[in-house]
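Dear colleague,

Please find the structure below, handed over for your study. A description of what was found in it follows directly after.

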Amino acid sequence: MWLSAQFRDDPPQRRGDFAFHLNRFRGFVQTLGPADKNLSSWWLKGWTEQQARLFPVFEPDGTPTSTALAVLAQKHRSEDKGLKIIGMWNGLLDGPAAADAALDFDSEFSGDIVELSIGDPETPPPWLTDVQARIALVSALARSYAPYYVIAGSRGYFSKEVFEDKPGVNAMLYLPRVITPQQVPEAAALVAVDDPRGRRLGTIVVSVSDEPFSANNPRHVRAANELEIRLVDEDLLPNYADFLRPQ
């Protein structure tokens with residue numbers, strides 16, 4: 001399963017604050033620990049497998065390692081005002097337990113991005129075969145990052161989206177707004193996301209709830225497409241251009 005969210009911190013974080021971004025990511029994945037112990041350990045990516053096992057990202061207590069912070073600072077030493085990217089993986093090369101993540105931030109033009117991929121494109125780990133577990137994963141990401149949107153499902157659906165300039169529904173799409181069944185009757189489910197105090201943050205639009213979403217399944221693609229059209233008709237689906245940073 002693949003997730004992607006775009007967000008912007010307000011007020012903005014200090015540029016090049018790798019520790020801040022890693023701590024927030026750690027807080028997010030810690031909420032998944034009871035479901036998947038394979039998400040507890042992360043390493044910085046490298047050009048080879050040997051390189052990619054050199055630098056653990058977190059200490060046993062969850063704080064970023066001084067080595068990882070030093071490597072990232074050195075890598076981006078000449079890019080104080082440019083885009084920073086942190087690539088990580090959980091040390092498993094393939095299979096349903098393999099996971100990788102990317103944190104993109106400090107862009108001059110667009111919002112920051114967090115991405116997480118768990119398992120093969122069409123084969124999620126056993127704990128993610130349940131729709132409630134997938135909803136919980138999207139909800140945790142929404143609570144951690146307060147994003148403009150969260151897309152969850154399959155990267156393979158990108159080329160099958162209806163609109164190139166808007167987020168696709170995929171398996172699930174979180175938007176930070178209230179969405180009702182009257183507005184989107186085609187949804188397999190609409191799930192409210194609240195913060196820990198019970199305040200509404202937004203809504204998850206679910207396209208397929210009876211099985212894991214597949215970009216190779218025509219029924220799944222049709223369901224997501226119909227939802228995208230409905231969301232646009234109801235003026236609920238934002239444009240990517242809405243998230244550009246003012247110049």
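**A pair of facing residues, and the sheet around them**

In this predicted model, Y174 stands opposite I204, which belongs to strand 9. The two strands concerned are strand 7 (residues 172-175) and strand 9 (residues 200-206); they run antiparallel and are joined by 4 bridges.

These strands belong to an open sheet formed by 9 strands, in the order 2-3-4-5-1-6-7-9-8, with antiparallel pairing. Strand 2 (43-44) and strand 8 (189-194) stand at the edges of the sheet; each has a single partner strand, so one side of each is left without a neighbour there.

**Strand 5 and its partners**

Which strands pair with strand 5? One partner is strand 1 (residues 2-7), which pairs with strand 5 in the antiparallel sense over 6 bridges. Within strand 5, L116 is the residue that stands opposite L3. The other is strand 4 (residues 99-105), which is antiparallel to strand 5 and joined to it by 6 bridges. Here A99 has I118 of strand 5 as its bridge partner.

Strand 4 and strand 5 also form a hairpin, with 6 residues between them. In the turn of this hairpin, D106 has a positive phi of about 70 degrees.

Is strand 5 enclosed or open to the outside? Of the 7 residues in strand 5 (residues 112-118), 5 are buried, so the strand is largely enclosed by the rest of the structure. As a general point for reading such strands, the side chains of a regular strand alternate between the two faces of the sheet.

**The loop between helix 2 and strand 3**

Two residues of one loop deserve attention. H76 lies in the loop between helix 2 (66-75) and strand 3 (84-89), and L83 is found in the loop between helix 2 and strand 3 as well.

Is H76 buried or exposed? H76 has a relative accessible area of 8% and therefore counts as buried, the cut-off for buried being under 20%. L83, by contrast, has a relative accessible area of 41%, so it is partly exposed.

Leaving aside residues up to four places away in sequence, H76 touches F18, L83, K84 and I85. On the same basis, L83 touches H76, D104, F105, D106 and S107. D106, the residue with the positive phi in the hairpin turn, is thus among the contacts of L83. The C-alpha atoms of L83 and D106 are separated by 4.9 Å, although the two residues are 23 residues apart along the chain.

**The chain as a whole**

The chain contains 4 helices and 9 strands. Read from the N terminus, its elements follow the order β-α-β-α-β-β-β-α-β-β-β-β-α.

How does the overall size agree with that of a compact globule? For 247 residues, such a globule would have a radius of gyration near 18 Å, and the chain has 18 Å, which agrees. Along the principal axes, the C-alpha atoms fill a box of roughly 50 × 45 × 40 Å.

Of the 247 residues, 47% count as buried. Among contacts with a separation of 6 or more, 65% are accounted for by residues 24 or more positions apart. The chain exposes about 12100 Å², of which carbon and sulfur atoms supply 53%. Finally, the chain has 25 positive and 33 negative charges, and the mean positions of these two groups are 4 Å apart.

With kind regards

Key. Residues are numbered from 1 along each chain as its sequence is written. This is a predicted model: local features need pLDDT of at least 70, side-chain atom pairs count only at pLDDT 80 or more; totals for chains, interfaces and linings use all residues. Side-chain values use heavy atoms; hydrogens and water are left out. Buried means under 20% relative accessible area, exposed over 50%, partly exposed in between (1.4 Å probe, protein chains only). Contact means heavy atoms within 4.5 Å. The radius of gyration is taken over C-alpha atoms; the globule rule is 2.2 Å times the number of residues to the power 0.38. Accessible areas come from the Shrake-Rupley method with a 1.4 Å probe; for residues, only the protein chains shown count as cover. Lys and Arg count as positive and Asp and Glu as negative; His and the chain ends are not counted. The place of a charge is taken as NZ of Lys, CZ of Arg, CG of Asp or CD of Glu. Two strands pair if DSSP finds at least two bridges between them.
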